[in-house]
Amino acid sequence: MTVLPGSRSERRESKGAPAPGARSRRLGLWYVLEHHIRDLRSYGFVTVAQAVGTPFLSWLAFGVGVGALVQAGTGGAGVGGVPYLAFVLPALMCGLTLQVWAEDAMFGTLLGVMWRRTFIAMRAAPLTVPQIAGGFVASIALRAGITAILYALVAWLAGAFSSPWAWASVLAALLGAAAFGLPLGAYAARIERDTGQFALVNRFIVIPLTLFSGTMFPLEVLPIWLQPIGWISPLWHASELARATAYGPTGPGWLYLVHVVVLLAAIVVGWVLVVRGLRRRLEK
Amino acid sequence: MPNGVAPVIRAAGLRKVYGSTVAVDDVSFEVAPGEAFGLLGPNGAGKSTTMRMLGAVSARSGGSLEILGRDPDRQGPEIRAQLGVVPQLDNLDTELSARENLIVYGRYFGLPHAVVAARADELLGFAQLEDKAKAAIDDLSGGMKRRLTIARALINEPRILLLDEPTTGLDPQARHILWDRLFRLKEQGTTLVLTTHYMDEAEQLCDRLIVVDHGRIMAEGTPAGLIREHSTREVLEVRFGSERNAEAAVALADLGERVEPLPDRVLVYAENGEHVLAEVLRRGWDPVTSLVRRSSLEDVFLRLTGRSLIE
Ligand SMILES: Nc1ncnc2c1ncn2[C@@H]1O[C@H](COP(=O)(O)OP(=O)(O)OP(=O)(O)O)[C@@H](O)[C@H]1O
Ligand SMILES: [Mg+2]
């Protein structure tokens, strides 16, 4: 019972002493991330099981099942010059990473502003909204990153990732996931009442994106009027980048630059909207 | 307010508007260091909105505000670094244990791990939650969660502790434990600002308070001073049954300084309640029940607003 606001002397502001909250001003984002990492520990097993289990199931389905059919149908040529499994795994990795980010962005935001109100608690401390948003996004990137790395590792062990640049497919997956997840988080920050919006987002945005983003077959196979879904889909841009890094580019170099620029643009806009959405929520 | 001491909170003409709702209309007050200051008012009076502005969370729509000598609009983080906040709605992280909640919160203030760990253990003791250190938040009672939230608010050794309805929803025993903890803080010199709609809480804890309604200050003073100023020493409460209360109030109107007919009872304000009761009986009005008590802040509020604090 001795420390309670007793010893005031140490706190008295003297000339030259740092302003109150100076450390939080510099390191606030890290403190927020530290909190989220503690929370993440209880999802650790799920994250690992999902990241390792999903590519294994994909291997069974697309390597042994559908893959055998495709290999036979193409006379053993595969798709895009590689076996079907090698074609499909980089894109499926991007899809899973995107799903993990989307889930965390949506539920994490609602937990923070509405259900557990942990963001409101943070805002009552000397933390700022960009720090709260930044630490939160960093924690999502961490979980999504672990997912992508483990997935890539399993795919590599399965022999699907042949290029020495294959490790960079993890970055492609993260770029795609962030380009979709940040704007989704901004939307979640505006939800005043949970009426099952996430199920809708999942059914009508995430799943169609997965189906029409050139994930399981090249986008060019689709009729031209369906291809624009792919063009606006972060998943398509990310998958193309992931494939190029996993087994080598199949298109002109400028096209890959376009993929990167589109994803970065969506990330920048998404970040601005996330901060704005959380400001409205936490500073009212 | 003691003379010559710079106030830690200075609010003048404070105002907050949400769209067409005026949540806080015109509120002015000062709080001296070490003082326990209360905002007493009914639901929707604007207490929480005022507290969020004092906590440098919500920007004011008008007026001026200075917390610890700083403007919350420009130096929010510097102010918040020196505050402890107990919000109306608990916002503990249910994913973490009681102790972990204290630790992550302490880190927000930039305190080293060793310091937050030591303070967390000390504060768990202060909140009488030593044996709950590892407990999940969902396994704590309402009173324990409130105590943990207060402990969390103290982790940065704040200069001002803001408490928004610290005991609402708790049973009497839990409230008394909490009051005891707040008394200790007060003894140690922490400035307390608290909102409540319990008059007994305001009387117990506050050196000085404002009565707020519809975002405006209805009265300001010490609990005893307010009662002296706005009410009589004693109150006679008599019940005649819901049909006869209004009629009785008219017939007894001359007996006290003031007579207040409520749906379920009649209040007669007088210096000596027993004398009034004798006169009521002499006039042939035979109440179902009668009670003489001292005036409280509830009576002050009724006098000022014509309404009860708790509907
Ligand atoms: N974020 C907000 N947006 C719109 N209106 C709000 C908001 N917060 C508060 N209000 C309105 O402002 C008024 C004052 O609300 P406030 O929460 O400050 O009252 P209170 O005195 O704390 O009440 P209670 O005792 O119920 O907690 C109410 O009419 C409320 O509906
Ligand atoms: Mg309130």
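Start by selecting B:Gly46 and ligand 1: in this predicted model, a polar backbone atom of B:Gly46 sits 2.9 Å from an oxygen atom of the ligand. Keep the ligand on screen and add B:Asn43, where the polar atom belongs to the side chain and lies 2.9 Å from a ligand oxygen. Next, add B:Thr49; here an N or O atom of the side chain is 2.5 Å from an oxygen atom of ligand 1.

Now switch on a surface. On its own, ligand 1 would expose 630 Å², and the protein buries 69% of that. For the elements around it, colour β2 (21–31) and α1 (47–54) of chain B, the ones that each put two or more residues into the shell. The top contributor is α1(B), with four residues.

Widen the selection to the whole shell. There are 16 residues around ligand 1, and those that come nearest are B:Gly44, B:Gly46, B:Lys47, B:Ser48 and B:Thr49. Colour by chain while you're here: residues from both A and B surround the ligand, so this site is shared between chains. Then try colouring by residue class, which gives you four nonpolar, eight polar and four charged residues.

Go back to B:Thr49 and hide the rest for a moment. You're in helix α1 of chain B. Is B:Thr49 buried or exposed? Its relative accessibility is 9%, so B:Thr49 counts as buried, the cut-off being under 20%. To see what is packed around B:Thr49, show B:Lys16, B:Tyr18, B:Ala23 and B:Val24; B:Thr49 touches these four, leaving aside residues up to four places away in sequence.

Last stop: the magnesium ion, ligand 2. Which protein atoms are its donors? Pick OG of B:Ser48 and OE1 of B:Gln88, which lie 1.9 to 2.1 Å from the ion. Trace the chain from each donor: B:Ser48 lies in helix α1 of chain B, while B:Gln88 is in the loop between β5 (83–86) and α3 (98–108) of that chain, so the pair ties together parts that are 40 residues apart in sequence.

Before you leave, check how covered the two donors are. B:Ser48 has 16% relative accessibility and so counts as buried. B:Gln88, with a relative accessible area of 37%, is partly exposed. Finally, put ligand 1 back in view with B:Ser48 selected: this magnesium donor is also one of the residues that come nearest to ligand 1.

How values were computed. Residues numbered from 1 in each chain as written. Chains lettered and ligands numbered in written order. Predicted model: local features only at pLDDT ≥ 70, side-chain atom pairs only at ≥ 80, totals over all residues. Heavy atoms only, no water. Near = heavy atom within 4 Å. Polar contact = N/O pair within 3.5 Å; in protein donor to acceptor, adjacent residues only side chain to side chain. Areas by Shrake-Rupley, 256 points an atom, 1.4 Å probe, with all protein chains shown as cover. Nonpolar A, V, L, I, M, F, W, Y, C, P; charged D, E, K, R; others polar. Buried < 20%, exposed > 50% of the residue type's maximum accessible area, 1.4 Å probe, protein only. Contact = heavy atoms within 4.5 Å. Donors = N, O, S within 2.8 Å, 3.2 Å for Na, K, Ca; no water.
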